[in-house]
Amino acid sequence: MGSNHDQIFLHILREEKNISNFLDAFFGFLYRCTDFYVEANSEQKLGFPSGIMEKLVLNAMYKWKDESILQKTSQKTLSVNDNTKSIQSNQSVLIQNEECRFTPPVEQEIEISSCNEFDNIKSSCVQSSKVDHISDSYNGAVRDNYIWTQTLNDLDVLVKIPEHVKASKDTVKINISSNELKIDVKSSTSSVDSKWDNIFNGKLSFKIRRDESIWSIEGKHINIHLEKTAERWWEALIIDEPKIDLNKIDCSKHFDDMAPEEQMKVQELMWNHQQKVLGKPTSEQIKMEATLKQAWNAKGSPFQGTPYDPSILKYN
């Protein structure tokens, strides 16, 4: 059940922060870089025949669902009767899943080609934001009614809305200042029942850029995005909560968070590494050779007027 790609997938999952975003990124990749969504026909040979794409996805999903069921069954110690029922139940599920299995006919293998408050409120049915998933607390922490994550430049806070509150712009009130965050809710939109209950109130560990803060309602959660005023790692979202161990977080800096000059330097280093792997000259070596070519035929050079021959020169 192991995979050589787990570390790559975990890195993507940490960046996307939840399973829903991870799957969206994966299928977006298939859309942008492959012919997965191309439907093959008599004129179009690339892609899959109609209906095959969906069955491929179901085939892979049920494969690992069955593995999960079998693993849970093997770990349980049950009585004979309960164990028999469990096996029968699992066999039933496996038989149903097996009906969805098949090896699809492929026309041709897929080839990879080279802000302000109310304006930001949106109602959606995003029920896949599991607050107990470890990736949701990336570089942050899971608390009783909220989760916070961070990069070097920003923070994201996911606050749980009480079950009795029907979340909308009329029942949720959020106040964000440069150093404080306060959230109030009420159970009804009627003017009679106007009592507000506080579900979050805390002074931030450091200052944020208030004007660049945005928030939205996603199902039964409030998603808040905050921009830090300075590049630094926070030990806590608010001053009253327990501090996290900064030695255990991922301190790597995302490429998109780098300044343009830093991005150019990283790209140059990656290109030079690729050149070395291919046995080709690096950018520094190319610059050096260009300088030597100019000097070769310069006035006073012993090689002036002769064809350039790098074999007689030595340079690092």
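**View 1. Leu237 and its surroundings in the nonpolar core.** Setting aside residues up to four places away in sequence, Leu237 touches Tyr146, Trp148, Leu155, Val157, Phe200, Lys203, Leu204 and Ser205. Please keep in mind, for this and every view that follows, that the model is predicted. Leu237 belongs to the largest nonpolar core, which has 31 residues; together with Trp148, Ile222 and Ile224, Leu237 touches the most other members. Strands β2, β3 (154-160), β4 (172-176), β5 (180-185), β6 (197-203), β7 (214-218) and β8 each contribute at least two residues to this core. Another core, of five residues, lies apart from it and includes Leu30, Phe36, Ile52 and Met53.

**View 2. Strand β8 between its pairing partners.** Here we turn to β8, a mostly covered strand in which five of the seven residues are buried. β3 and β8 run antiparallel and are joined by seven bridges. If you would like a pair to look for, Leu155 has Leu226 in β8 as its bridge partner. β7 also runs antiparallel to β8, and five bridges join these two strands. Ile217 is found opposite Ile222 of β8. In a regular strand, side chains alternate between the two faces of the sheet.

**View 3. The turn of the β7 and β8 hairpin.** Two residues sit between the strands of this hairpin, and Gly219 adopts a positive phi near 65°. For anyone checking backbone torsions, Gly219 is the residue to pick out in this view.

**View 4. Arg143 and Glu241, a link across the sequence.** The side chains of Arg143 and Glu241 form a salt bridge, with N and O 3.0 Å apart. Arg143 sits in the loop between β1 (141-142) and β2 (146-150), while Glu241 sits in the loop between β8 (221-227) and α5 (260-277), so the pair ties together parts that are 98 residues apart in sequence. Are the two partners buried or partly exposed? Arg143 is partly exposed, because its relative accessibility is 23%, whereas Glu241 is buried at 8%.

**View 5. Two further salt bridges.** Side chains of opposite charge can pair when their charged atoms come close. Lys17 and Asp156 make a salt bridge whose closest N and O atoms are 2.5 Å apart. Asp156 counts as buried because its relative accessible area is 16%, and the cut-off for buried is under 20%. Glu235 and Lys243 also form a salt bridge, and there the closest N and O atoms are 3.7 Å apart. Glu235 is partly exposed at 35% relative accessibility, while Lys243 is exposed, with a relative accessible area of 64%. The count of salt bridges in the model comes to five.

**View 6. Asp184, a buried acid without a salt bridge.** Asp184 is part of strand β5. How far away is the nearest side chain of opposite charge? That side chain belongs to Lys182 and is 4.0 Å away; Asp184 is buried yet has no salt bridge. What does the side chain of Asp184 make a polar contact with? The partner is the side chain of Asn198, at 3.0 Å. Leaving out neighbours within four places in sequence, Asp184 is in contact with Thr171, Val172, Lys173, Trp196, Asp197 and Asn198.

Technical notes. Residues numbered from 1 in each chain as written. Predicted model: local features only at pLDDT ≥ 70, side-chain atom pairs only at ≥ 80, totals over all residues. Heavy atoms only, no water. Buried < 20%, exposed > 50% of the residue type's maximum accessible area, 1.4 Å probe, protein only. Helix = DSSP H or I, 4+ residues; strand = E, 2+ residues; numbered from the N terminus. Core = buried A, V, L, I, M, F, W, Y, C linked by side-chain atoms within 4.5 Å. Contact = heavy atoms within 4.5 Å. Lys, Arg positive; Asp, Glu negative; His and termini not counted. Polar contact = N/O pair within 3.5 Å; in protein donor to acceptor, adjacent residues only side chain to side chain. Pairing = 2+ DSSP bridges.
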